[in-house]
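Subject: Structure handover

Hello,

Here is the structure I said I would pass on. Please open it alongside this message, since the notes below refer to residues by name and number.

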Amino acid sequence: MFGDPVYGEKKYELYRRAAVSVLPSASENFAMTVAESLACATPVITTKATPWRGLETYGCGWWVDLGVEPLRHALHAALTSGMIELHQMGTRGQNWMIRDFAWSGIAERMIEAYSWLRGQGSPPPTVIL
């Protein structure tokens, strides 16, 4: 059963209160719900049909193959994890979102790219040649 849509601060409060956020998607682009969950320090379970490999890389969730069994295993892992472990995963996810997706970091990377384009220094790591 699905509830009514939730917006604004109420939505973020629900993310913060959740032990884990689950997006069993067969097809997603960026999936803002994953970014929002992580920004609220909530670990995430999603499928490899989403571009969220960083869940494994940064230890802040489960990035699983499509299918019932991989999802079941991830849900079991999440539900048998202790609250301290889930909190640590959530903190790692939140730190990842701040580091890579906050406006201040995006602006800094843009400044680096434009400085390089103006002939000031070497190409920054965000420029792929």
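What follows is a short account of what was found, element by element.

Please keep in mind that this is a predicted model.

The core

The largest nonpolar core has 12 residues. Its members are Leu23, Ala31, Val34, Ala35, Leu38, Val44, Trp52, Leu55, Cys60, Trp63, Trp96 and Met97. Two elements, α2 and α5, give two or more residues to this core. The largest share comes from α2, with 3 residues. As one example of the contacts made there, Val34 touches Leu23, Val44 and Trp52, leaving out residues up to four places away in sequence. Apart from this core lies another, of 9 residues, and among them are Val20, Leu71, Ala74 and Ala78.

Helix α2 and its surroundings

Helix α2 covers residues 32–39, and its buried residues are Val34, Ala35, Glu36, Ser37 and Leu38. Against what do these residues pack? Their partners are α1 (8–17), β1 (21–23), β2 (44–47), α3 and α5.

Ser37 is a good residue to look at here. It belongs to helix α2, and it counts as buried because its relative accessibility is 0%. With neighbours within four places in sequence left aside, Ser37 is in contact with Tyr15, Ser21, Thr42 and Val44. One of these partners, Ser21, is found in strand β1. Ser21 has a relative accessible area of 13%, so it is buried. Not counting residues up to four places away in sequence, Ser21 touches Tyr15, Ser37, Thr42, Pro43, Val44 and Ile45.

Two alanines with positive phi

Ala31 lies in the loop between β1 and α2. Its phi is positive, about 55°, although Ala31 is not a glycine. Is Ala31 buried or exposed? Its relative accessibility is 9%, so Ala31 counts as buried. Ala31 is also one of the residues of the 12-residue core.

Ala41 is found in the loop between α2 and β2, just after α2. Its phi is near 65°, again a positive value in a residue other than glycine. Ala41 counts as partly exposed, because its relative accessibility is 26%.

Aromatic rings

How many aromatic pairs does a search of the whole structure find? The search gives 7. One of the pairs is formed by Tyr58 and Trp96, with ring centres 4.9 Å apart. The planes of these two rings are at 35°, so the pair is tilted. This pair links distant parts of the chain, as Tyr58 and Trp96 are 38 residues apart. Tyr58 is in the loop between α3 (54–57) and β3 (61–64), while Trp96 is in helix α5.

The two residues can also be described by their accessibility. Tyr58 counts as partly exposed because its value is 33%. Trp96 has 6% relative accessibility and therefore counts as buried. Trp96 is also listed in the 12-residue core.

Ring pairs join Phe30, Trp52, Tyr58, Trp96 and Phe101 into a cluster. Tyr58 has a charged partner as well: the charged end of Arg99 sits over the ring of Tyr58, 4.9 Å from its centre.

Helices α5 and α6

Two packed helices are described by the angle between their axes and the distance between the axes. Helix α5 (residues 83–101) packs with helix α6 (residues 103–117) at an angle of about 35°, and the axes are 5 Å apart. Which residues meet in this contact? From α5 there are Arg99, Asp100 and Phe101, and from α6 there are Trp103, Ile106 and Arg109. By class, the contact has 3 nonpolar residues, 3 charged residues and no polar ones. Arg99 is the residue whose charged end sits over the ring of Tyr58, and Phe101 is part of the ring cluster.

One further residue of helix α5 is Thr91. Its relative accessible area is 29%, so Thr91 is partly exposed. Thr91 and Cys40 are 51 residues apart in sequence, and their C-alpha atoms are 8.6 Å apart in space.

Regards

Notes
Residues are numbered from 1 along each chain as its sequence is written. This is a predicted model: local features need pLDDT of at least 70, side-chain atom pairs count only at pLDDT 80 or more; totals for chains, interfaces and linings use all residues. Side-chain values use heavy atoms; hydrogens and water are left out. Axes are lines fitted to C-alpha atoms, for helices over the stretch in contact, and angles run from 0 to 180 degrees between N-to-C directions. Helices (H or I, at least four residues) and strands (E, at least two) are DSSP runs, numbered from the N terminus. Contact means heavy atoms within 4.5 Å. Ala, Val, Leu, Ile, Met, Phe, Trp, Tyr, Cys and Pro count as nonpolar, Asp, Glu, Lys and Arg as charged, and the others, Gly among them, as polar. Rings of Phe, Tyr and Trp (its six-membered ring) pair if their centres lie within 6.5 Å; planes under 30 degrees apart count as stacked, over 60 as edge-to-face and the rest as tilted. Buried means under 20% relative accessible area, exposed over 50%, partly exposed in between (1.4 Å probe, protein chains only). A charge sits over a ring if NZ of Lys or CZ of Arg is within 6 Å of the ring centre and within 35 degrees of the ring normal. A nonpolar core is a set of buried Ala, Val, Leu, Ile, Met, Phe, Trp, Tyr and Cys residues joined through side-chain atoms within 4.5 Å.
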